[in-house]
Amino acid sequence: MTILKMRAINHGTRKADKNRYCGPAVISSLTGITTAGASRLIRHINPRRTRVMGTDSWEVCKTLRLCGVTVKRIDHPKRHKITLARWLNLNIKERTPGRIFLIVAGNHYQLVSGRRYVCGRLGDIVSIKHPKVKRRARVKEVYEITAHGTLTIPTDITDNPSDSDHNKEQNRWRYQAKKLAKEWNLDIDDDWTVWDDEKTVFGNQETEDHKDFPYYDDHISVTSDNWHDIYRYCQYIIDFMKKHKIKP
C-alpha cells in the first residue's frame, strides 16, 4: 500500500508549470505533480473546460482517482453547516497523523492531516492554527484520502501541454516575432512556401543582397510552421544586421 502524504504545492520552475487555483493545488499536494499538470488532468476528465479556475468537487475527486488515489466521502451535518474550526474540534480524535482529509469550506479546497494544513493560498504545509487558515469558513464537503498500491500518474497528460496551451504559447511567440520584424524591417511571409502553415523570414533589401548573408540562396533555413522558430530566425537575421552594421 502506498502511504500518501501531503506535500508543499508544486508550482514547478516555469510560468507554464503553474496554476494558482485551489483545485489543482490539492491534487499537486497529494500526487507531487505541478499545478499546471493537475489542471491538464482536470481538462482531460472534463474536455469542456478550456481553463481551470473554479473546479467542481467531482472533477477534483475523479482526477485524484485517475492518479490511483482513493477518495471516500464522509457524512457530516448538512442542515447547519459548521465552521472549519468546529469540524476540526469535533473530529480531533479522527484526525490522527497519517490520515488525510480533503475539506471543501468557504468555496475552497484544503487538506488536513493531524495538525497540519495545506492549500493553494498558503502553498506550504502549516499548522491548522496558522492565522491565514480560514477557520470560520463553512464546511460543505469532507473526503478521506487514501491510496492502495502505487500511484498511477498519467504523465503523458500531465507533461504535455494541451492544444489550448500550445495555441497560447504560439500566439505569444507570434506576437514577439512580429514585434521584432516591425522594429527591424523584416518580412514574415506565409505565401512563399507551398505549405499553408509555414512562414519564411526575409531581411530588408540590403540584408538580402549582402554577399555574406547566410540565407541568400537557402531560404528553407528560415522557414517553419512554429512561431518560436520564426522568432529565433528573426534574431539570427538581426544579429547578422548588427554585425555588418546594416540599418533596419
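# A tour from Leu-88 outward

Leu-88 is buried, with a relative accessible area of 2%. Select Leu-88 first; the model is a predicted one, and this residue sits in helix H4. Show its surroundings, leaving out neighbours within four places in sequence, and the contacts of Leu-88 are Arg-95, Val-112, Ile-128 and Arg-135. Now add Arg-115 and draw a line between C-alpha atoms: Leu-88 and Arg-115 are 27 residues apart along the chain, and their C-alpha atoms are separated by 9.2 Å.

Arg-135 leads to the next stop. Select Thr-83, in the loop between S1 and H4. Is Thr-83 buried or exposed? With a relative accessible area of 19%, Thr-83 is buried, since the cut-off for that class is under 20%. Beyond four places in sequence, Thr-83 is in contact with Arg-135, Arg-136, Ala-137, Arg-138 and Val-139.

Return to helix H4 and select Trp-87 together with Phe-101. What kind of aromatic pair do Trp-87 and Phe-101 form? The pair is edge-to-face, with 5.5 Å centre to centre and 70 degrees between the planes. Trp-87 belongs to helix H4 (residues 84-90) and Phe-101 to strand S2 (residues 100-105), so the pair ties together parts that are 14 residues apart in sequence. Trp-87 and Phe-101 are both buried. The count of aromatic pairs in the model comes to 4.

For another of these pairs, move to helix H8 (residues 227-243) and select Tyr-233 and Tyr-236, which are 3 residues apart and so separated by about one helical turn. The pair of Tyr-233 and Tyr-236 is tilted, at 6.0 Å centre to centre and 50 degrees between the planes. Colour by accessibility here: Tyr-233 counts as buried at 12% relative accessibility, whereas Tyr-236 is partly exposed, with a relative accessible area of 37%.

Next, go to the nonpolar interior. Which residues have the most contacts inside the largest nonpolar core? They are Leu-64, Leu-102, Leu-111 and Ile-145, in a core of 30 residues. To see where this core comes from, select helix H1 (22-31), H2, H3, strand S1 (69-74), S2, strand S3 (109-113) and strand S6 (139-147), the elements that give two or more residues to it. H1 supplies the largest share of this core, 5 residues.

Centre the view on Leu-102. With residues up to four places away in sequence not counted, Leu-102 touches Val-26, Val-60, Leu-64, Tyr-109, Gln-110, Leu-111, Glu-141, Val-142, Tyr-143 and Ile-145. Apart from the largest core lies another, of 20 residues; select Trp-184, Phe-213, Ile-237 and Met-241, which are among them.

The last stop is the packing of two helices, H2 (residues 35-45) and H3 (residues 57-66). Display both: they pack at an angle of about 105 degrees, with their axes 9 Å apart. That angle makes H2 roughly perpendicular to H3. To view the contact, show side chains for Ala-38, Leu-41, Ile-42, His-44 and Ile-45 in H2, which meet Trp-58, Glu-59, Lys-62, Thr-63 and Leu-66 in H3. Coloured by residue class, the contact of H2 with H3 divides into 6 nonpolar, 2 polar and 2 charged residues.

Methods
Residues numbered from 1 in each chain as written. Predicted model: local features only at pLDDT ≥ 70, side-chain atom pairs only at ≥ 80, totals over all residues. Heavy atoms only, no water. Axes fitted to C-alpha atoms, helices over the stretch in contact; angles between N-to-C directions. Helix = DSSP H or I, 4+ residues; strand = E, 2+ residues; numbered from the N terminus. Parallel < 35°, antiparallel > 145°, perpendicular 65-115°, else oblique. Contact = heavy atoms within 4.5 Å. Nonpolar A, V, L, I, M, F, W, Y, C, P; charged D, E, K, R; others polar. Phe/Tyr/Trp six-rings, centres within 6.5 Å; stacked < 30°, edge-to-face > 60°. Buried < 20%, exposed > 50% of the residue type's maximum accessible area, 1.4 Å probe, protein only. Core = buried A, V, L, I, M, F, W, Y, C linked by side-chain atoms within 4.5 Å.
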